[in-house]
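I opened my notebook on this one to keep track of what I looked up, entry by entry. Pull up a chair and read along.

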Amino acid sequence: MPDNLPELRDIHLPDGVSFWPLGYGWWVIMLSLIGVIVLYHLFKFWRLKSQKLYAIRLLKSVDEKNVVNSAAAVSEILRRICVYKYPQASALTGRDWINFLNTHAKSQKLDGKEAELLLNAPYMPAESALFDHNNLQKLKDFCFRWIGENL
C-alpha cells in the first residue's frame, strides 16, 4: 500500500465574512430608512406651512364692510389659533388676552384703539361707529405678523 500521507494537506478554513462591503439588502434598508425620515420632516414642514397659510387665508377673507363684525371675526381667528397652539390662553379675556398676544408678538405690539377694538368688538352692536377702517387695518396687520411669528 502506497504511503499517501505526504500528499495530504491540512484543512484550511475560509476567511470570515467581513462586514464591509455591505450587501444590497442592507443598502436598500438604509436608503428606505433615510427616505422615511426625510418624508416625515417634509410632511411636518408641509403641515406647519399649511396651518399658517390656512390662517392667513381666513384672515384675508374677512369681510371689511362692517368694522365691528370684521374685528369679531379676527378675534375668532386668533382664538382658534390659541386653542390649537396655546391651550392655556384660550380662556383669557380682557387685558390678560391683550397681554398674552403682546408677549408672543416679537415685532409689533397691540395697543391703543386697535386693542380696544379687539377686546370690545364681540360685544358691540354691529352698527357702532366708535372705530373706523384704519383701526381695523392696523388690527389685521398685527394679526398677520402675529400668525407669521406663532404658527
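**Entry: Glu64**

I started with Glu64, which counts as partly exposed at 31% relative accessibility; buried means under 20% relative accessible area, exposed over 50%, and partly exposed in between, with a 1.4 Å probe and protein chains only. I found Glu64 in the loop between H1 and H2; helices here are DSSP runs of H or I with at least four residues, strands are runs of E with at least two, and numbering goes from the N terminus. Not counting residues up to four places away in sequence, Glu64 touches Ser70, His133, Leu136, Gln137 and Lys140, where contact means heavy atoms within 4.5 Å. I also checked Glu64 against Val28: they are 36 residues apart along the chain, and their C-alpha atoms are separated by 56 Å.

**Entry: ground rules**

I noted that this is a predicted model, in which local features need pLDDT of at least 70 and side-chain atom pairs count only at pLDDT 80 or more, while totals for chains, interfaces and linings use all residues. Residues are numbered from 1 along each chain as its sequence is written, and side-chain values use heavy atoms, with hydrogens and water left out.

**Entry: H2 and H5**

How do H2 and H5 pack, and at what angle? I read an angle of about 15° between helix H2 (residues 67–85) and helix H5 (residues 133–150), with their axes 10 Å apart. The axes are lines fitted to C-alpha atoms, for helices over the stretch in contact, and angles run from 0 to 180 degrees between N-to-C directions. H2 and H5 are therefore roughly parallel to each other; the classes are roughly parallel under 35 degrees, roughly antiparallel over 145, roughly perpendicular from 65 to 115, and oblique for the rest. The crossing of these two, H2 and H5, is left-handed, that is, the near helix is turned anticlockwise from the far one by less than a right angle (right-handed if clockwise).

Next I listed who meets whom. From H2, the contact takes in Val67, Ser70, Ala71, Val74, Ile77, Leu78, Ile81, Cys82 and Lys85; from H5, it takes in His133, Leu136, Leu139, Lys140, Cys143, Trp146, Ile147 and Asn150. By class, the H2 contact with H5 has 12 nonpolar, 3 polar and 2 charged residues. For the classes, Ala, Val, Leu, Ile, Met, Phe, Trp, Tyr, Cys and Pro count as nonpolar, Asp, Glu, Lys and Arg as charged, and the others, Gly among them, as polar.

I then picked Val74, in helix H2. Val74 counts as buried, at 0% relative accessibility. Leaving aside neighbours within four places in sequence, Val74 is in contact with Leu59, Val62, Leu139, Lys140 and Cys143.

**Entry: H1 and H5**

H1 and H5 pack at an angle of about 175°, with their axes 10 Å apart. That makes H1 roughly antiparallel to H5. Here Lys52, Ala55, Ile56, Leu59 and Lys60 in H1 meet Lys140, Cys143, Phe144, Ile147 and Gly148 in H5. The residues of this H1 contact with H5 divide into 6 nonpolar, 1 polar and 3 charged.

Is Lys52 buried or exposed? Lys52 is buried, with a relative accessible area of 18%. Leaving aside neighbours within four places in sequence, I saw Lys52 in contact with Ile147, Gly148 and Leu151. Lys52 and Asn150 are 98 residues apart in sequence and 8.8 Å apart in space, C-alpha to C-alpha.

That led me to Asn150, in helix H5. Asn150 is buried, with a relative accessible area of 3%. Apart from residues up to four places away in sequence, Asn150 touches Lys85, Tyr86 and His104.

**Entry: the core**

Which residues have the most contacts inside the largest nonpolar core? They are Trp97, Leu101, Trp146 and Ile147, in a core of 34 residues. A nonpolar core is a set of buried Ala, Val, Leu, Ile, Met, Phe, Trp, Tyr and Cys residues joined through side-chain atoms within 4.5 Å. The elements that give two or more residues to this core are helix H1 (24–60), H2, H3, H4 and H5. H2 gives the most to this core, with 8 residues.

I followed up on Trp97. Leaving aside neighbours within four places in sequence, Trp97 is in contact with Leu78, Arg79, Cys82, Ala89, Leu92, Leu118 and Leu119. Trp97 is one of the buried residues of helix H3 (residues 94–103), alongside Ile98, Phe100, Leu101 and Asn102. These buried residues of H3 pack against H2, helix H4 (113–120) and H5.

**Entry: one last bond**

I closed with the peptide bond from Trp20 to Pro21, which is cis, with omega near 0°. Pro21 sits in the segment before H1.
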